[in-house]
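This report takes up a small sheet, a pair of helices and the surroundings of one threonine. The sequence and structure are shown first.

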Amino acid sequence: MHNIGAFARRVGLTPSALRFYDDCGLLRPAHVDPVTGYRYYEPTQEDRAVLVRKLRAAGLCLADVAAVLDGPCDVAREVLRGHERRLREDSQAARAALREVVSSYLPAGRTEVTVDGAELAGAVRQVAPSAARDPGPAPLRCVLFEITDTEVRLVATDRYRLAVRELACGWVEGPPAKVLLPVPALLEVATWAARESEVRLTVAEGNLELSAPGSCYPLPAGTGEFPAYRDMIAALAPPKQRVLVDRRALRDALGTAEAPTVLRRGDGDGGGELVVGTTALPAVCPEGLRIAFDPMVLGPAVEASVGPDVLLEIDAADRPVLVRSADQGSFSTLLMPVADPQR
């Protein structure tokens with residue numbers, strides 16, 4: 001057996017904490033000397049003592065610690081889930097209160113946030129191809145930057161395609177903001193951003209400034225009213241079919257396919273394949289799938305996606321298709337299929 005000092009060192013608790021947990025009935029010593037009152041602990045008690053330390057470090061009250069240690073497994077799980085939920089709610093409330101105080105020190109109408117430089121550069125390159133070219137309307141030749149309480153969103157559309165890239169971000173200071181930025185200037189600054197570990201975005205007086213230690217790039221805003229892209233997405237009917245496939249495999253298959261390219265469910269056992277032109281790919285593919293695309297439109301959308309997989313959400317063969325992907329953030333592209341040459 002170990003005396004209280006040795007046991008305390010082994011489990012990462014103080015002797016006074018062990019005495020307190022003994023008095024509370026949470027962690028009784030294996031033996032108490034009747035003459036000296038010294039407490040002694042068995043090695044088999046170490047796991048329980050370490051768990052007590054971890055649960056207390058997580059902020060559980062002693063009643064909840066006891067429920068986790070000695071209650072049924074389903075009760076323990078419910079206690080832990082409830083505590084995690086309260087922690088999350090408390091954290092969100094604290095962040096909101098602190099954000100409000102911090103924002104009060106910013107000039108009115110100013111918003112600042114930090115994002116990963118490489119992620120920002122990649123996001124610009126992903127959405128920019130969906131913007132209109134000359135002589136399209138000025139707002140469609142821009143990328144919309146939106147800063148919310150929790151993320152930075154980049155949006156571009158030429159009314160035939162719609163690309164939305166969401167970026168995880170650091171602390172957002174100031175109110176939600178949005179600004180239109182011309183694509184050429186944005187692509188130029190993306191090359192610089194890719195070399196920076198962090199880039200600070202500052203929206204003030206309708207313009208956006210990108211900065212990092214030792215450098216600063218002000219970007220004057222574009223003009224006009226950007227389309228109500230949220231309404232476009234909200235108007236989509238719930239998908240009747242979903243296709244999940246490896247992103248690189250689909251990209252490569254589209255790269256060698258003739259236009260128009262038909263995507264259909266294969267005839268393999270279980271139907272677990274997607275046929276792209278003449279190439280069969282492993283996929284989660286619904287029965288009855290058959291839809292045609294211009295590979296020069298679907299291909300870049302897949303190429304620009306993030307993560308290892310892409311999800312195609314299909315309502316009908318003549319309705320817009322949503323191409324979705326995600327890793328640290330999400331990327332979505334809305335595009336139109338084309339007429340099936342065999343129908």
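Two strands are said to pair if DSSP finds at least two bridges between them, and helices (H or I, at least four residues) and strands (E, at least two) are DSSP runs numbered from the N terminus. The model is predicted, so that local features need pLDDT of at least 70 and side-chain atom pairs count only at pLDDT 80 or more, while totals for chains, interfaces and linings use all residues. Residues are numbered from 1 along each chain as its sequence is written, and side-chain values use heavy atoms, with hydrogens and water left out.

An open sheet is formed by 3 strands in the order E1-E3-E2, with antiparallel pairing. Its edge strands, E1 (2-3) and E2 (31-32), each pair on one side only. E2 and E3 (residues 39-41) are joined over 2 bridges, and Val32 has Arg39 of E3 as its bridge partner.

Thr157 belongs to strand E6 (residues 151-157). Because its relative accessibility is 0%, Thr157 counts as buried (under 20% relative accessible area, with exposed over 50% and partly exposed in between, using a 1.4 Å probe and protein chains only). Its side chain takes part in the polar contacts tabulated here, a polar contact being a pair of N or O atoms within 3.5 Å, of which, within protein, one must be able to donate a hydrogen and the other to accept it, and residues adjacent in sequence count only if both atoms are side-chain atoms.

| Side chain | Backbone partner | Distance |
|---|---|---|
| Thr157 | nitrogen of Arg159 | 3.0 Å |
| Thr157 | oxygen of Arg161 | 2.5 Å |
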